[in-house]
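Subject: Handover of the structure

Dear colleague,

I am passing this structure on to you, together with some notes on what turned up in it. Please have it open beside this message as you read.

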Amino acid sequence: SLTILLTDNSKMKYLNKKFRNKNKITDVLSFPNLEPADLKKKINTEIYLGDIALSYEIINRRSKDSNFNLEFDKMWIHGYLHLLGYNHKKFKDYKIMKKTEDKILKIL
């Protein structure tokens, strides 16, 4: 399981500063409950993956060119993959993560 917080840009900026020391607004933040190595040990058991914070204002702005549900899904999927240990620090990691995001979005 996981928790999703849908909040405004002000709260996102606060959380980004507090937990990542970045004093700027962001669209999605993920707070994993487990390290990726520990996550792999938890097969066949219910676990709490962590928390995802999403900016309602950014989703709403992006939805002007598509729709709110699609933008919301894109963002929570991105956050979910971070909870699972994915990252996009390197371009090859970005491609892997993006491909996985697109696959999940297609299933939805």
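What follows goes through the sheet, the helices packed on it, the charged pairs and one residue in a loop.

Please keep in mind throughout that this is a predicted model.

The sheet is a good place to begin. Three strands make up an open sheet, in the order β1-β3-β2, and the pairing within it is mixed. The edges are formed by β1 and β2, each of which pairs on one side only, and from one strand to the next the twist averages 15°. Strand β1, which covers residues 2-7, runs parallel to β3 and is joined to it by 6 bridges, whereas β2 runs antiparallel to β3, with 5 bridges between the two. If you would like a single residue from which to trace both pairings, D51 in β3 is one to choose, since it is the bridge partner of T3 and also the bridge partner of F31. In general, the strands of a sheet pair through backbone hydrogen bonds, and they may do so in parallel or antiparallel fashion.

How far is strand β3 enclosed by the rest of the structure? Of the 6 residues in this strand (residues 50-55), 5 are buried, so β3 is largely enclosed by what surrounds it.

Two helices can be described in relation to this sheet. Helix α1 lies across β1, β2 and β3, and runs at about 45° to β2. Helix α4 packs on the sheet as well, where it touches β1, β2 and β3, and its direction makes about 150° with that of β3. With 16 residues, α4 reaches 23 Å from its first C-alpha to its last, which is close to the 22 Å expected at 1.5 Å a residue. The buried residues of α4 are E71, M75, I77, H78, G79, L81 and L83, and the elements that cover them include β1, β2, α2 (36-40), β3, α3 and α5.

Turning to the charged side chains, a search of the whole structure finds 3 salt bridges. As general background, side chains of opposite charge can pair when their charged atoms come close. The three pairs are set out below.

- D27 and R62 form a salt bridge in which the closest N and O atoms are 3.0 Å apart. This pair links distant parts of the chain, for D27 sits in the loop between α1 (9-20) and β2 (28-32), while R62 belongs to helix α3 (residues 56-62), 35 residues apart. R62 is partly exposed, with a relative accessible area of 33%.

- K74 and E71 meet through their side chains in a salt bridge of 3.5 Å, N to O. Both are in helix α4 (residues 68-83), and because they are 3 residues apart there, about one helical turn separates them. K74 is partly exposed at a relative accessible area of 38%, whereas E71 is buried, its value being 8%.

- K98 and D102 form a salt bridge whose closest N and O atoms are 2.9 Å apart. These two lie 4 residues apart in helix α5 (residues 91-107), so they too are separated by about one helical turn. K98 is partly exposed, with a relative accessible area of 33%, and D102 likewise counts as partly exposed, at 37% relative accessibility.

What of E101, which is also placed in helix α5? E101 is buried and yet has no salt bridge, the nearest side chain of opposite charge being that of K98, which is 4.6 Å away. Because a salt bridge needs the nitrogen and the carboxyl oxygen to be within 4 Å, the distance of 4.6 Å between E101 and K98 does not qualify. Leaving aside residues up to four places away in sequence, E101 touches I77, H78 and L81, and these three residues are among the buried ones of α4.

A last point concerns the backbone. N21 has a phi near 55°, which is a positive value in a residue other than glycine. N21 is found in the loop between α1 and β2, and N21 is exposed, with a relative accessible area of 58%.

With kind regards

Methods. Residues numbered from 1 in each chain as written. Predicted model: local features only at pLDDT ≥ 70, side-chain atom pairs only at ≥ 80, totals over all residues. Heavy atoms only, no water. Buried < 20%, exposed > 50% of the residue type's maximum accessible area, 1.4 Å probe, protein only. Lys, Arg positive; Asp, Glu negative; His and termini not counted. Contact = heavy atoms within 4.5 Å. Pairing = 2+ DSSP bridges. Axes fitted to C-alpha atoms, helices over the stretch in contact; angles between N-to-C directions. Expected span 1.5 Å × (residues − 1).
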